[in-house]
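Please open the structure in your viewer and keep the selection tool at hand. The tour below proceeds from one selection to the next and states what is found at each stop.

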Amino acid sequence: MLLDTSFDAELTPGARNAVRTCLRIQPNEKVTLISDRETSEIAAAIANEIASVGAPFNAFVLEELAPRPLTGMPAPVLADMETSQVSIFAVNVQRNELKSRMEMTAVVNRRRMRHAHMVNINRQIMLEGMRADFNAVDRISAKVIELVTKASKIRARTAAGTDLHAKLNPDYKWLKTSGLISPDKWGNLPGGEVFTTPGEVNGTFVIDGVVGDYLCAKYGDLKENPLTIRMKENRIVEGHSENKELEQDFWNYTHTDENSDRVGEFAIGTNIGLKDVIGNILQDEKFPGVHIAFGNPYGEHTGAQWYSSTHIDVVGRKFDIWVDEQQIMSQGKFTISA
């Protein structure tokens with residue numbers, strides 16, 4: 001029973017932020033809390049906050065329901081979600097479990113639940129990104145989305161060699177996931193990004209931050225051994241790194257299906273409480289700057305009419321960003337005020 005599990009009080013501010021600020025859980029709402037053995041202490045802190053609000057909840061530990069890696073989300077979890085208004089997924093994911101998470105978020109989308117996606121949450125993130133002022137993050141996110149929704153192009157450069165040109169498709173919707181989670185779009189926590197499916201991306205991305213999915217845990221912070229990729233007409237055409245295993249793993253991942261190599265997401269991180277990349281995609285994709293993802297475009301939200309079974313984010317550092325002709329970021333710092 002999670003409420004009987006002891007936890008470090010230092011986890012409480014982040015857990016309180018998740019429950020009270022980000023999800024705004026009310027006493028009359030039911031919550032489904034999904035965790036695993038690795039995240040039990042963090043889940044206990046979250047459960048304690050849910051209980052303090054007075055909301056009923058059911059908690060699940062994945063290893064008690066099915067062998068890992070999951071081939072699908074366990075039926076008892078999905079069944080419980082059918083009667084919940086809020087769900088929280090705080091799990092250290094394993095390779096090839098994306099299908100199970102898609103089954104979960106399909107329920108979230110269909111039922112318009114408020115869902116906090118805390119993939120690979122750890123103590124450091126609870127003490128850093130989850131302690132952000134998410135109201136301030138929401139304000140800068142709203143300013144960014146106000147600018148990008150009117151724009152036709154975005155350019156992003158870094159001193160490391162990134163030079164990206166994104167043409168925007170006016171038929172595709174921009175979304176704000178600032179950490180304040182609504183029924184319109186489930187959100188990762190910690191929050192802080194605006195994103196769309198791009199019309200077309202061309203150029204070079206020097207990935208000196210992190211790559212996503214299971215490769216993140218394997219390779220961590222790429223500052224010393226970056227991966228450089230080149231895109232033409234929205235597809236990866238080259239990838240190079242001194243770390244040849246990383247190069248091959250990333251190439252294989254982005255060639256899983258016919259759209260795994262296609263840019264499905266173009267995003268701007270807006271969590272101004274973060275100081276640097278830490279080697280964990282959950283937090284690092286919120287780091288101020290540009291990140292893109294290959295594969296699944298989250299078409300149910302953006303309006304993109306294509307699909308991929310994979311989705312992998314790539315993150316860099318210290319961006320200069322122009323929205324049309326207006327510079328909004330220099331050396332990783334926003335030049336606009338909320």
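How many bridges join β7 to strand β9? Select β7 together with residues 193–196, which form β9: three bridges join the two strands, and they run antiparallel. The model on the screen is a predicted one. Within this pair, Leu 175 has Phe 195 of β9 as its bridge partner.

**The antiparallel open sheet**

Now extend the selection to the sheet that contains this pair. Six strands make up an open sheet with antiparallel pairing, and their order is β7-β9-β14-β15-β16-β11. The edges are held by β7 (175–177) and β11 (210–211); each has a single partner strand, so one side of each is left without a neighbour in the sheet.

Next, add residues 244–253, which form helix α8. This helix lies across β11, β15 (289–295) and β16 (311–315), and it runs at about 135° to β16.

**From β6 to β13**

Clear the selection and choose residues 163–167 and 200–207. These are strands β6 and β10, which run antiparallel and are joined by five bridges. His 165 stands opposite Asn 202 of β10.

Add residues 227–232, strand β12. The pairing of β10 with β12 is also antiparallel and extends over five bridges. Here Thr 204 has Arg 230 of β12 as its bridge partner.

Which residues of β12 lie on its covered face, and which on its uncovered one? Display the side chains of the strand: Leu 227, Ile 229 and Met 231 belong to the covered face, whereas Thr 228, Arg 230 and Lys 232 belong to the uncovered one.

Then add residues 235–241, strand β13. Six bridges connect β12 with β13, and the two strands run antiparallel. Arg 230 appears again at this stop, with Glu 238 of β13 as its bridge partner. The hairpin of β12 and β13 has two residues between the strands, and in it Glu 233 takes a positive phi near 50°.

**The parallel open sheet**

Move now to another sheet. Five strands, in the order β2-β1-β3-β4-β8, form an open sheet in which the pairing is parallel. Its edge strands are β2 and β8 (187–188), each of which pairs on one side only.

Select residues 31–35 and 86–91 in this sheet. They are strands β1 and β3, paired in the parallel sense over five bridges. Val 31 has Val 86 of β3 as its bridge partner. Show residues 40–53 as well: this is helix α2, which packs on the sheet and touches β1, β2, β3 and β4 (114–119). The direction of helix α2 makes about 170° with that of β1. Residues 98–111 form helix α4, which lies across β1, β3 and β4 and runs at about 160° to β4.

Finish this stop at Asn 58, in strand β2 (residues 57–61). How far exposed is Asn 58? Its relative accessible area is 33%; a residue counts as partly exposed between 20% and 50%, so Asn 58 is partly exposed. Leaving aside neighbours within four places in sequence, Asn 58 is in contact with Lys 30, Val 31, Thr 32, Leu 33 and Asp 80. For a view across the model, select His 311 too: the C-alpha atoms of Asn 58 and His 311 are separated by 29 Å, and the two residues are 253 apart along the chain.

**The nonpolar cores**

In soluble globular proteins, nonpolar side chains tend to be buried together. Select Phe 205, Phe 250, Ile 268, Val 290 and Phe 294, which have the most contacts inside the largest nonpolar core, a set of 42 residues. Helix α6 (residues 134–148) supplies the largest share of this core, five residues. Centre the view on Ile 268: beyond four places in sequence, the residues it touches include Val 144, Val 194, Val 290 and Phe 334. Apart from this core lies another, of 35 residues, among them Val 31, Ala 47, Ile 121 and Ala 132.

**The whole model**

Finally, zoom out. The protein has 10 helices and 19 strands, and buried residues make up 59% of its 338 residues. A compact globule with 338 residues would have a radius of gyration near 20 Å, and the 19 Å of the protein agrees with this. Along the principal axes, its C-alpha atoms fill a box of roughly 50 × 40 × 35 Å.

Conventions. Residues numbered from 1 in each chain as written. Predicted model: local features only at pLDDT ≥ 70, side-chain atom pairs only at ≥ 80, totals over all residues. Heavy atoms only, no water. Pairing = 2+ DSSP bridges. Helix = DSSP H or I, 4+ residues; strand = E, 2+ residues; numbered from the N terminus. Contact = heavy atoms within 4.5 Å. Axes fitted to C-alpha atoms, helices over the stretch in contact; angles between N-to-C directions. Rg over C-alpha atoms; globule rule 2.2 N^0.38 Å. Buried < 20%, exposed > 50% of the residue type's maximum accessible area, 1.4 Å probe, protein only. Core = buried A, V, L, I, M, F, W, Y, C linked by side-chain atoms within 4.5 Å.
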